[in-house]
Amino acid sequence: VQLQASGGGAVQPGDSLRLSCAASGHTYSSRPTAWFRQAPGKEREFLAAIGWSGGPKLYASSVKGRFTISRHGAGDTVYLQMNSLRPEDSADYYCAASGTSYSGDYLPSETYQYDYWGQGTQVTVSS
């Protein structure tokens, strides 16, 4: 599975961005997919995850209500809609897919639980 993240950029506080994560090589719609971010000098932080076929969903408390994760159609593209962006949201954003299918509504949120990673896309929020 190859993941390609895109959509980052430089915006002002309060603006919105939509990140995309496109998969190739193997369908991953049946596996959890997540977004993480990493700011300079900080650990990689879980943001949101989505299960197969678009549900269930899990959000970190730091972004719940502002960020929305979704899948498109057949599931090989996952989006992260980011609204009301703040300077502290500035980071490199990564998408990741798990190689494990989980039962029920459980979604992993740790970096070690994800096997495939895209390259980062940079988000800068500044006035």
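This passage describes the fold, the nonpolar core and five residues of a predicted model.

The secondary structure of the chain comprises eleven strands and zero helices. Read from the N terminus, the order of elements is accordingly β-β-β-β-β-β-β-β-β-β-β. The radius of gyration is 14 Å, close to the 14 Å that the globule rule gives for 127 residues, so the chain is as compact as a globular protein of that length. Along the principal axes, the C-alpha atoms occupy a box of roughly 40 × 30 × 25 Å. Among contacts with a separation of 6 or more, 58% join residues that are 24 or more positions apart.

Buried residues account for 41% of the 127 residues. The surface exposed by the chain amounts to about 6,300 Å², of which carbon and sulfur atoms contribute 45%. The chain carries 10 positive and 10 negative charges, and the mean positions of these two sets lie 4 Å apart.

In soluble globular proteins, nonpolar side chains tend to be buried together. In the present model, the largest nonpolar core contains 33 residues, and the members that touch the most others are Trp-35, Phe-67, Leu-80, Met-82 and Tyr-93. Two or more residues of this core are given by each of several strands, namely β1 (2-6), β3 (17-24), β4 (33-38), β5 (45-50), β7 (67-72), β8 (77-82), β9 (91-97) and β11 (121-125).

Two residues, Val-11 and Thr-124, illustrate how the N-terminal and C-terminal parts of the sequence meet in space. Val-11 belongs to strand β2, which spans residues 9-11. With a relative accessible area of 13%, Val-11 is buried, because the value falls under the 20% cut-off. The C-alpha atoms of Val-11 and Val-125 are 5.0 Å apart, although 114 residues separate the two in sequence. Beyond neighbours within four places in sequence, the contacts of Val-11 are Ser-16, Leu-17, Leu-85, Thr-124, Val-125 and Ser-126.

Thr-124 is located in strand β11. Its relative accessibility of 32% places Thr-124 in the partly exposed class. Apart from residues up to four places away in sequence, Thr-124 touches Gly-9, Ala-10, Val-11 and Ser-90. For Thr-124 and Ser-90, a sequence separation of 34 residues corresponds to a C-alpha distance of 4.5 Å. The contact between Val-11 and Thr-124 thus links strand β2 with strand β11, as the contact list of Val-11 also records.

Strand β3 contains Ala-22. Ala-22 is partly exposed, with a relative accessible area of 34%. When neighbours within four places in sequence are set aside, Ala-22 is in contact with Gln-2, Leu-3, Gln-4, Asp-76 and Thr-77. Ala-22 and Pro-40 are 18 residues apart along the chain, and their C-alpha atoms are separated by 25 Å.

The remaining two residues lie in loops. Val-63 is found between β6 (57-59) and β7. This loop residue is buried, at a relative accessible area of 0%. The contacts of Val-63, not counting neighbours within four places in sequence, are Arg-37 and Leu-47. Val-63 and Ser-84 are 21 residues apart in sequence, with 9.9 Å between their C-alpha atoms.

Ser-84 occupies the loop between β8 and β9. Ser-84 is partly exposed, because its relative accessible area of 41% falls between the 20% and 50% limits. Most residues other than glycine have a negative phi. Ser-84, which is not a glycine, nevertheless has a positive phi of about 50°.

How values were computed
Residues numbered from 1 in each chain as written. Predicted model: local features only at pLDDT ≥ 70, side-chain atom pairs only at ≥ 80, totals over all residues. Heavy atoms only, no water. Helix = DSSP H or I, 4+ residues; strand = E, 2+ residues; numbered from the N terminus. Rg over C-alpha atoms; globule rule 2.2 N^0.38 Å. Buried < 20%, exposed > 50% of the residue type's maximum accessible area, 1.4 Å probe, protein only. Contact = heavy atoms within 4.5 Å. Areas by Shrake-Rupley, 256 points an atom, 1.4 Å probe, with all protein chains shown as cover. Lys, Arg positive; Asp, Glu negative; His and termini not counted. Charge placed at Lys NZ, Arg CZ, Asp CG, Glu CD. Core = buried A, V, L, I, M, F, W, Y, C linked by side-chain atoms within 4.5 Å.
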